[in-house]
Amino acid sequence: VAELVRKAELDYLTVQRLDLPILAEIICFHCQQCAEKYLKALISYHGQVPERTHDLVVLHAHAAGHLPSADHLLPQLAFLNPFAVDVRYVEGSANAEMASQATEAMECVREAVRSALGLAGHQEETEGEDGAPEGDQPDDTTGD
């Protein structure tokens, strides 16, 4: 669980540091990745093995019982879903407006899952000497 949270925070910090509009596609990708890892952390926290998928709606179905008001996240997750793969290939693209929307969606998911895990709300992680986020790990580190 702690490792999934740490990696989700790396995606979050990456989004915070990338420039729009030049890197809109990369921002969208990392927004989806952050949401995916947080959902998988929540599923793992409750003793289940998360499905090996990038589909946020599928992951939501497994995490929903552990996430208060989970249905309000469905539109954000559906919006982020295509950014797992599509923007990484020639056929996919994203613009600055999409990246802004993806960032907002990611932050909604991040905040909801961090709250469900008992982690600090919207506070940004501090970086350690190696550049990785420190602190804010769930008490129960079962799973990943």
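Is Glu-3 buried, partly exposed or exposed? With a relative accessible area of 35%, Glu-3 comes out as partly exposed in this predicted model. Its partner Lys-7 is partly exposed too, at 36%. The side chains of these two residues meet in a salt bridge, with 3.9 Å from N to O. Both sit in helix H1, four residues apart, or about one turn of the helix. Arg-6 joins in as well: Glu-3, Arg-6 and Lys-7 are linked in a network of salt bridges.

Stepping back to the whole chain, there are five helices and two strands. Reading from the N terminus, the order is α-α-α-α-α-β-β. Of the 144 residues, 44% are buried. The accessible surface adds up to about 7,300 Å², and carbon and sulfur atoms hold 49% of that. As for contacts with a separation of 6 or more, 60% are between residues 24 or more positions apart.

Back to charged pairs, of which the structure has six in the form of salt bridges. Side chains of opposite charge can pair when their charged atoms come close. One such pair is Arg-114 with Glu-9, whose side chains meet at 3.6 Å, N to O. This salt bridge ties together distant parts of the chain, with Arg-114 in helix H5 (residues 96-116) and Glu-9 in helix H1, 105 residues apart. Both of these residues are buried. Another salt bridge joins the side chains of Glu-36 and Lys-40, at 2.9 Å from N to O. Here the two partners are about one helical turn from each other, because they are four residues apart in helix H2. Glu-36 and Lys-40 are both buried.

Thr-53 touches both Glu-36 and Lys-40, and also Val-58 and Leu-59, leaving aside residues up to four places away in sequence. Thr-53 itself belongs to the loop between H2 and H3. Its relative accessibility is 17%, so Thr-53 counts as buried, the cut-off being under 20%.

Next comes helix H3 (residues 56-63), where Leu-56, Leu-59, His-60 and Ala-63 are buried. These four lie on the same side of H3, because they cover an arc of only 105° around the axis. The buried residues of H3 pack against H2 and helix H4 (74-80). At the start of H3, Asp-55 brings a side-chain oxygen to within 2.9 Å of the backbone nitrogen of Val-57.

The stretch between H1 and H2 has some features of its own. Pro-21 lies in this loop, and the peptide bond leading to Pro-21 from Leu-20 is cis, with omega near -5°. Leu-23 is found in the loop between helix H1 (2-17) and helix H2 (24-45) as well. At 32% relative accessibility, Leu-23 is partly exposed. Together with Ile-22 and Ile-26, Leu-23 forms a nonpolar patch on the surface, and the three share about 270 Å² of accessible area.

Finally, Glu-25 lies in helix H2 and is partly exposed, with a relative accessible area of 31%. Not counting residues up to four places away in sequence, Glu-25 touches Val-87, Gly-92, Ser-93 and Ala-94. Asn-95 is 70 residues from Glu-25 in sequence, yet their C-alpha atoms are 6.9 Å apart in space.

Methods:
Residues numbered from 1 in each chain as written. Predicted model: local features only at pLDDT ≥ 70, side-chain atom pairs only at ≥ 80, totals over all residues. Heavy atoms only, no water. Patch = residues over 30% accessible without salt bridge, like charges linked within 9 Å, V, L, I, M, F, W, Y side chains within 5 Å. Areas by Shrake-Rupley, 256 points an atom, 1.4 Å probe, with all protein chains shown as cover. Salt bridge = Lys/Arg side-chain N within 4 Å of Asp/Glu carboxyl O. Buried < 20%, exposed > 50% of the residue type's maximum accessible area, 1.4 Å probe, protein only. Arc of directions from axis to C-beta. Contact = heavy atoms within 4.5 Å. Polar contact = N/O pair within 3.5 Å; in protein donor to acceptor, adjacent residues only side chain to side chain.
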